[in-house]
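Here is a short briefing to read alongside the structure. Keep the 3D view open and follow each topic at your own pace.

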Amino acid sequence: MRIVDNVFVVPGVVANPYILVDTDGLTLIDTGLPHSERKILAYAAGLGKSARDVKRIILTHADLDHVGGLAALHKLTGARTYASKIEADAIAAGKPSRQTNSSGFSVMRLVFTLLRPFMKATPFQVDEILTDGQILPALGGLRVIETSGHTPGHISLFLPAVGVLFCGDSLVTDENGIHGSRRGLTWDDAKAREAERKQAALGAHIVCSGHGPVIMDATDKFPS
Ligand SMILES: [Zn+2]
């Protein structure tokens, strides 16, 4: 689905992967659960792009539903791969970057626990470590925003030129708007709130989350 010119979300994949189309090729943000690579590349093919057109793969964090397709996609595309240091270490170990600290029941936790034996992330060494404020060469500059809280090394990505924020799981969206990181899956609640405030201040018009619909008129929908 087209979000704005040259920015797309791949439908039918958990968690939402996003594709940015620029003259030098494609940038992919997150890679879905394991075995999502076919759906992602089929969507790119629908845009007239081949696997080899994917030049960059950026991971917001090391959870399985974001890095599941990474190893396979890297093999098929040869793309350069990026994550923060903490998340890169976890991805290299084939594990999430944190234990969740809530003892409360959560459907997502239960799902992860049940799926864990069947859906392991392939350990993968990313090429490049990203830090806060770094700008990647996609669509006039894709800015890395440190948004730890959901996980210790979580990053978001912001396209100031069009006001589009890719928030991974640091924010969750639904038909009612934008919410904070899901409690049962959050590493540090206080840091997660800080990441919410930081992102609310960016002036994003459009919020693209890992889970939930794209929010098109986002300005006054951030959690208060
Ligand atoms: Zn997720």
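**A first stop: Lys49**

Lys49 sits in the loop between H1 and E5. The model you are looking at is predicted. From Lys49 the briefing moves on to the overall fold, the zinc site, the salt bridges and Ser36.

- Is Lys49 buried or exposed, or something in between? Lys49 counts as partly exposed, because its relative accessibility is 26%, which falls between the 20% limit for buried and the 50% limit for exposed.
- Setting aside residues up to four places away in sequence, Lys49 touches Val21, Leu26 and Ala44.
- One of these partners, Val21, is 28 residues from Lys49 along the chain, and the two C-alpha atoms are separated by 9.3 Å.

**The overall fold**

- The protein's secondary structure consists of six helices and 14 strands.
- With a radius of gyration of 16 Å, close to the 17 Å that the globule rule gives for 224 residues, the protein is as compact as a globular protein of that length.
- If you turn the C-alpha trace along its principal axes, you will find that it spans about 45 × 40 × 30 Å.
- Of the 224 residues, 53% count as buried.
- Among contacts with a separation of 6 or more, 65% are between residues 24 or more positions apart.
- The accessible surface comes to about 10,000 Å², and carbon and sulfur atoms account for 55% of that surface.

**The zinc site**

- Which residues coordinate the zinc ion? The zinc ion is held by Asp65 (OD), His66 (NE2), Asp169 (OD) and His211 (NE2), at 2.1 to 2.2 Å.
- Along the chain, the donors of the zinc ion follow the spacing D-H-x102-D-x41-H.
- Two of these donors show how the site joins distant stretches: His66 lies in helix H2 (residues 64-67), while Asp169 lies in the loop between strand E11 (164-168) and strand E12 (171-174), so the pair ties together parts that are 103 residues apart in sequence.
- The angles among the four donor atoms of the zinc ion run from 81 to 162 degrees, and the site is irregular. This range does not fit the tetrahedral class, because that class needs all angles to lie between 85 and 135 degrees.
- For comparison, the ideal angle for four tetrahedral donors is 109.5 degrees.
- His66 counts as buried, because its relative accessibility is 0%.
- Asp169 also counts as buried, with a relative accessibility of 5%.

**Salt bridges**

- How many salt bridges does the structure hold? There are ten salt bridges in the structure.
- As background, side chains of opposite charge can pair when their charged atoms come close.
- Asp24 pairs with Arg56 in a salt bridge, and their closest N and O atoms are 3.4 Å apart. This pair links distant parts of the chain, with Asp24 in the loop between strand E3 (18-22) and E4, and Arg56 in strand E5 (residues 54-58), 32 residues apart.
- Within that pair, Asp24 is partly exposed at 39% relative accessibility, whereas Arg56 is buried with a relative accessible area of 6%.
- Asp63 and Arg98 form a salt bridge through their side chains, at 2.9 Å from N to O. Here too the pair links distant parts of the chain: Asp63 is in the loop between E5 and H2, and Arg98 is in the loop between helix H4 (85-93) and helix H5 (107-115), 35 residues apart.
- Both partners, Asp63 and Arg98, are buried.
- Arg193 and Glu196 meet in a salt bridge at 2.8 Å, N to O. Because they are three residues apart in helix H6 (residues 189-200), about one helical turn separates them.
- Arg193 is partly exposed, with a relative accessible area of 25%, while Glu196 is buried at 8%.
- Asp132, Glu146 and Lys198 are joined into one network by salt bridges that share partners.

**A last stop: Ser36**

- Where does Ser36 lie? Look in the loop between strand E4 (25-29) and helix H1 (37-46) to find Ser36.
- Ser36 counts as buried, because its relative accessibility is 9%.
- Leaving out neighbours within four places in sequence, Ser36 is in contact with Val13, Val14 and Thr31.

Key. Residues are numbered from 1 along each chain as its sequence is written. This is a predicted model: local features need pLDDT of at least 70, side-chain atom pairs count only at pLDDT 80 or more; totals for chains, interfaces and linings use all residues. Side-chain values use heavy atoms; hydrogens and water are left out. Donors are N, O and S atoms within 2.8 Å of the metal (3.2 Å for Na, K and Ca); water is not among the atoms, so sites may look incomplete. Four donors count as tetrahedral if all angles lie between 85 and 135 degrees; four count as square planar and six as octahedral if opposite donors are over 155 degrees apart and all others between 65 and 115; anything else is irregular. Helices (H or I, at least four residues) and strands (E, at least two) are DSSP runs, numbered from the N terminus. Buried means under 20% relative accessible area, exposed over 50%, partly exposed in between (1.4 Å probe, protein chains only). Contact means heavy atoms within 4.5 Å. A salt bridge is a side-chain nitrogen of Lys or Arg within 4 Å of a carboxyl oxygen of Asp or Glu. The radius of gyration is taken over C-alpha atoms; the globule rule is 2.2 Å times the number of residues to the power 0.38. Accessible areas come from the Shrake-Rupley method with a 1.4 Å probe; for residues, only the protein chains shown count as cover.
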